[in-house]
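Thank you all for coming. Today I would like to walk through the pockets of one structure and then its nonpolar cores, so please have a look at it first.

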Amino acid sequence: MRIFVKGGIISPGDFLKTLLVAEKLGASHLHFGSRQDILFAAKEKSKAILDETFQSIHTEYEINTFEYQNILSSYVSQDILPGKQWLASHIYHYILNGFNYRTRLRVNVVDPSQSLVPLFTGQVNFIASNLENYWYVYLRLKRIQDTPWQMPLLVYTEDLVKVAQAIENEHLHERADTYQEIFTFLTENVQMNTQPVTENLVLPEPHFPYYEGINRLADGKYWLGLYWRDNKYRISTLKAIMERCIETEVGKVTLTPWKSFVIKGIFEKDRIGWEKLMGKFGMNLRHSSLELNWHLPALDQEALDLKFYLIRELDKQDISTYGLTFTIKTSPDIILFTSVVIEKSESGVSESYNILFSKNFNPNLTDYHYYARDVHKSVLASLILELSLVYYENLDEEKAVSPKVKSIIDNIQKELYQCVHCQTVYDSEFGDPEAGIKPGTPFAAVGADYICPTCGGNKEGFTKMSLG
């Protein structure tokens, strides 16, 4: 069963109803999908029970098919990561509520300031611009070109659904030969409020955030990120969590594309109670970043087993993966949005893999390069260790020295000489123009007849200053 949680936003009450339905149909566990949807395996399939529940909470579902797509959004990152000031909660809700039909296209509605939710994994990607209520539109259709194409106009918030619906209803994603053909159709046939694109989209820094545990919000409340390493969430545990959300007046639960979920708006007075609840169910709130930053296809045991193997091997090493993200690609249909990819080799050799990395290690860049080809599983960990070092070395090369540090370095490297009689300082940076000595002249190059401009002492009376 696939339950479409539009934009990854669901109320605790609706989540609890979903859990009760899953339990009623014989499920004991629940899984999260890569597009912020919910999956569970039902022993019984009662369409009457499903319709009765999900129609009441205005939620769509699918059984054993992948005909439709969930709409992905970065609402989950709001208030916990930097974001556009104008992109408030109600704007996300307005857009998502506008999709009153089941879309077959993958649609992303994303704030580019955050680094938790990918920008370009949709076929239609709406990316917030700096101009209030206007959005970049990036199309990514594999049959035309599997790299994002930017529409040369920004589109107003109220018209985003029109754009996505026109592309789908007119089957432009299936019949158009070029992106320009789609753009021409939209401008000629869809009434849109637009603005010209006047500045390039700025991609987020490729530093993956730590999204687990209890963390403080700016308003004094807390957010709680929860993650299960095998993406197998016990329904009994989730029921207790949703019941506590309802009891403590938490209004929203949000799903991430990383098979986890976030509870925002926990009051200070309720924080200890939440910690006790986590302890009661034995829930670890401090997984290492090495374990959190993996994106795997949902319900793919082969990928999960390889991840566990690699984590065990990497744990034996002194390695930092902060800022890096990893994908295990077992199928050509998987859409990448991580900085490092372990890809199943097509060589036919058992346990053979390729390692790729994205340009500048930025997961939102779709340009991937091979680091190793057709290597055995046993050497993957050591190669990932090597690649992580390449990442950090590149960071060091690109790092600019701050003005304060530069000032300290420059001062220490300066050639300063001081008169022992009156403490006057000769600074080679400035020289002594009144004595005919140009700026930048080292003291050693100053003539022997140089005298102190203050007391008239000779050059031999100057000693080199120590700034250490």
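Before I give any composition, let me fix the classes: Ala, Val, Leu, Ile, Met, Phe, Trp, Tyr, Cys and Pro count as nonpolar, Asp, Glu, Lys and Arg as charged, and the others, Gly among them, as polar. Please keep in mind as well that this is a predicted model.

With those classes, the lining of the second largest pocket has 10 nonpolar, 9 polar and 5 charged residues. That pocket holds about 540 Å³ of space, and of the 24 residues lining the second largest pocket, Phe-4, Lys-6, His-58, Thr-59 and Asn-97 are the closest to its centre. At least two lining residues come from each of β2 (9-10) and α3 (89-98), and α3 has the largest share, with 3 residues.

Turning to the largest pocket, we have about 1,200 Å³ of space, lined by 37 residues, of which Gln-69, Arg-106, Asp-333, Ile-334 and Ile-335 are the closest to the centre. The elements that contribute two or more residues to this lining are β9 (134-141), β10 (145-150) and α5 (172-175), while by class the lining divides into 15 nonpolar, 9 polar and 13 charged residues.

Finally, the cores. The largest nonpolar core has 44 residues, and those touching the most other members are Phe-15, Leu-226, Ile-241, Phe-261 and Ile-263; α7 gives the most to this core, with 6 residues. Leu-226 has contacts that include Ile-241, Phe-261 and Ile-263, leaving aside residues up to four places away in sequence. A second, separate core of 38 residues includes Ile-91, Tyr-101, Leu-105 and Val-190.

Notes. Residues numbered from 1 in each chain as written. Predicted model: local features only at pLDDT ≥ 70, side-chain atom pairs only at ≥ 80, totals over all residues. Heavy atoms only, no water. 1 Å grid on protein atoms, 1.4 Å probe; cavity = no way out; pocket = protein on both sides within 12 Å on 5 of 7 lines; lining within 4 Å. Points joined across faces, edges and corners; volume = space filled by probe spheres on them. Helix = DSSP H or I, 4+ residues; strand = E, 2+ residues; numbered from the N terminus. Core = buried A, V, L, I, M, F, W, Y, C linked by side-chain atoms within 4.5 Å. Buried < 20%, exposed > 50% of the residue type's maximum accessible area, 1.4 Å probe, protein only. Contact = heavy atoms within 4.5 Å.
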